[in-house]
Amino acid sequence: MGVELPQSDASLLEAARQGDATAYGRLYERHVAAARAMARQLVRRAEAEDVVTEAFTKILDLVGRGGGPESGFRTYLLTVVRRTVHDRSKLAGRQAGEVEEYDPAVPFVDPALAGLERSLIARAYLSLPERWRAVLWHTQVERCKPAAVAPLLGLSSNGVAALAYRARDGLRRAYLQMHLGAAPPHDCRPVLGKMGAYVRGGLARRDARAVERHVDGCEECHGVILELTDVNRGLRVLVGPLIAGPMFGGYAAALARPDVAEGGPHPAIRRLWRARRRQPVMLVAGVALTVAAAASLWQTAGKAPDGTPATATVAARPSEPVRAVSVPPQAGDPEQVPPQDDPDQAGPRGGEPERVPPPPVEKEPEGQARLRATVDVLGALVRAQPGIVGLRLRNYGARPSEELTAYVTLPPGVTLMPPARRGLPAVVGPADGWECRPSVGGARCTREPLAAGRATAVFLRVAVARRAPRGTGPAARVDAGPLRVRARAGKGVRATGAPARFAADGKVTVRAVGNALLSCPDESPGCAQARRREGGRRDNDLWPMTAVDRDDTLGTGTSSGARLSLPKGGRVVWAGLYWSAGGANTGPIKFRPPGRRDYATIRPSHVAVRELPQGPAYHAFADVTGLVAGARRTGVWWAADAPMEEGASRHAGWSLVLVVTDPAQPYSQAMVLDAATVVGGPVRRVRLPLGGLRPAATPARTALVTWEGDADLKGDKVSLGSGALRPAGGDRDLANVFDGSSGGVAELTFGVDVDTVSAELGDDPGLTIATGKDAVLFGAAAITVRARS
């Protein structure tokens, strides 16, 4: 007996192009819940309905003129919703006469995620046929059941599963072809050609061992293996935010419990459908048609007779041409779906049942977990300073490992810091079940079994001797029953650099706020103008700097506050308080959380004194995790009465630096570096290695704490290896980063900079600080980067 399958999105779109209003109404009913889930992440609930209606209206107009999506309606709709919110916000804040054009050939990418579309997994996804992209989005990114996806594609549940399998295989091949097209080293090319079969266990044992030997010594191929092993995670981590924006996590959560769309299409859409045949459509609020920008994301590649993509055309910015590459099937792949059973062909209509074989099951080699370990120096190991060594482990096999035992061998002169020393534990941050103790030459750590597909990390606090020799880096061996894996870091002890203060892996990000404790005299002409960042006297060299006292407490002589907001649903993992002032006299500072009247006295655990052109200055630090984690999460934090000196060319201020969880973020790596380095005078440029941040070509967020910057002395630049970076606050001048601006404060903060910059990390991550005429004391940096897998 035949079973009539529902009309797919593609057939409904085609019917809508021919004038069938009912077909577009069915598309509305299928996807309105997703549009609402997206809109409610971006605007208030009352405004969300207007955004949804406007997005459907734009697509209807484009479809009626022969444009719009072919089959991937959901992803096209989400892009138009985001673009609609973006344009409405610009219209609301635009001054008369300010008309901003956009290039319809450029994909709409949120500024916070700039560069994400250039990641290889995203480029590989965008190179696939639209139907393949649609099934991957629904099944892997949104994690819908095949039965729920079946009506959208006009397939049975088995057909959806088979199509998803074929699309994943095509994604792997496209990803590998991208690597091959980038001219990898000669030794890597034959290994890359075998990786698709390797991750599914389809290679002979001898060939598999050859791949493993190569990957052990090749960091780039190691990253490729991790991506191929878990393409589903790559889709959610990179493609999800690329299409749904920074609020992808909230969208996915809301979609799991969507509102029910009642009553068919919105009345406004029905009215538009009737009016479309009579006159050109005038969009809501006179907004120019913006959906063309989203259309460039969904270019459909041609297909070979067997259904595989003949070419992979990648959507890219016009300034970044991308060469089309062929994606041939991999030879020797025992699990490839035969062409005659190609589920990518349109299903039969008129009640004839679709005959699609059950999808083959992707299998890992039987019987074993598969472990991959890396060991890294976080930041740098610097003589006579504490540091951090990190061990990361991932099980990309099909079964849990046995109990883990890790032996970490430290370089000569580097020892595991005993728990009693300086009151610091040997393991930094959340231990994730690891227990570590000193052993001969390093540390021995144990942990319960690691589940399949899971990752874990442990960070060891170490002490570096004053005369520790420079040389090889730490090494590690991990035993799990019969399994044994090894890893070694390439860098060891350095004479200079910035050691890590803290490190953590997970859904984490960084935040930083701060303020100055000295400012120009209130009564002086021009002071109010300077505080508004106006005029030509924005340097502390041009004023007799005096103490400010802004709190409501009589017992403080100096005080200032800064507003801190944490991510929704986030919690504090680590908090560090930094303060600095001119002069060599150091001491405690008072610190007060939001909602409290009493200050806590914070004594420094570490102080560095450095010589600036105007004299000595100190840089102090204290761990305040317990105080911050137990306080209200949003509000104004206050600091008071730090040791300081008043007068011309003086500075004094503070900064609160945080590592926090963010449920909306992908799995990431975070670390905090202490620098206390003078940049300027005879040393105009300093590069600090960022050891331990492995992912390259992925967005990184960096918070910087700097003292004694002058707003009117230009030439201060910051780079993570991809050119000068523009700070998020102040004048936002990439050639004058240290301009007296601090997160959490609107006015000029003389001599205090708490800046945030964003960029992509390079293959050899490093933070470069350069100055022109100015001389600054660079204090600390907090960095977070998305993990590759």
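Helices (H or I, at least four residues) and strands (E, at least two) are taken from DSSP runs and numbered from the N terminus. With that in hand, we can place Trp434, which sits in the loop between β5 (414-416) and β6 (435-439). Before going further, please keep in mind that this is a predicted model, in which local features need pLDDT of at least 70, side-chain atom pairs count only at pLDDT 80 or more, and totals for chains, interfaces and linings use all residues. Residues are numbered from 1 along each chain as its sequence is written, and side-chain values use heavy atoms, with hydrogens and water left out.

Let us stay with Trp434 for a moment. Buried means under 20% relative accessible area, exposed means over 50%, and partly exposed lies in between (1.4 Å probe, protein chains only). Trp434 has a relative accessible area of 4%, so it is buried. What surrounds Trp434, leaving aside its neighbours within four places in sequence? Taking contact to mean heavy atoms within 4.5 Å, the partners are Leu404, Ala406, Cys445, Thr446, Arg447, Thr456, Ala457 and Val458. With Leu404, 30 residues away along the chain, the C-alpha separation is 9.1 Å. The side chain of Thr456 also makes a polar contact of 3.0 Å with that of Trp434. A polar contact here is a pair of N or O atoms within 3.5 Å; within protein, one must be able to donate a hydrogen and the other to accept it, and residues adjacent in sequence count only if both atoms are side-chain atoms.

Now step back to the whole protein. There are 17 helices and 31 strands, and buried residues make up 56% of the 789 residues. Among contacts between residues at least 6 apart in sequence, 78% join residues at least 24 apart.

Helix α3 (residues 45-64) is a good place to look at a single element. The expected span of a helix is 1.5 Å times one less than its number of residues. For the 20 residues of α3 that gives 28 Å, and the end C-alpha atoms are 29 Å apart, which agrees. Of these 20 residues, 14 are buried, so α3 is largely enclosed by the rest of the structure. Gly66 follows α3 and has a positive phi, near 90 degrees.

Two other helices each offer a buried residue to inspect. Tyr76, in helix α4 (residues 73-93), counts as buried at 1% relative accessibility. Tyr76 and Ala134 are 58 residues apart in sequence, and their C-alpha atoms are 9.8 Å apart in space. Gly159 belongs to helix α8 (residues 157-181) and is buried at 0% relative accessibility. Pro146, 13 residues from Gly159 along the chain, has its C-alpha atom 8.5 Å from that of Gly159.

Among the strands, β12 (residues 500-506) holds Arg501. Is this arginine buried or exposed? Arg501 is buried, with a relative accessible area of 18%. Its side chain joins that of Asp674 through a polar contact of 2.5 Å. Not counting residues up to four places away in sequence, Arg501 touches several others, including Arg461, Trp574, Tyr578 and His606. Strand β27 (residues 699-707) contains Pro699, which is buried at a relative accessible area of 11%. The C-alpha atoms of Pro699 and Thr784 are separated by 8.7 Å, although their positions lie 85 residues apart along the chain.

The loops deserve a look at their backbone angles. Most residues other than glycine have a negative phi. Ala384, in the loop between β2 (381-382) and β3 (386-395), has a positive phi near 65 degrees. At 37% relative accessibility, Ala384 counts as partly exposed. Ser649 is not a glycine either, yet has a positive phi of about 65 degrees; this serine is in the loop between β23 (647-648) and β24 (652-661).Finally, consider the empty space inside. On a 1 Å grid over the protein atoms alone, a cavity is a set of points where a 1.4 Å probe fits but cannot get out, and lining residues have an atom within 4 Å of a point. The count comes to five cavities of 30 Å³ or more. Residues lining the second largest cavity include Asn515, Ser560 and Phe750, and β13 (508-516) and β14 (518-519) each supply at least two residues of that lining.

Note on methods. 1 Å grid on protein atoms, 1.4 Å probe; cavity = no way out; pocket = protein on both sides within 12 Å on 5 of 7 lines; lining within 4 Å. Points joined across faces, edges and corners; volume = space filled by probe spheres on them.
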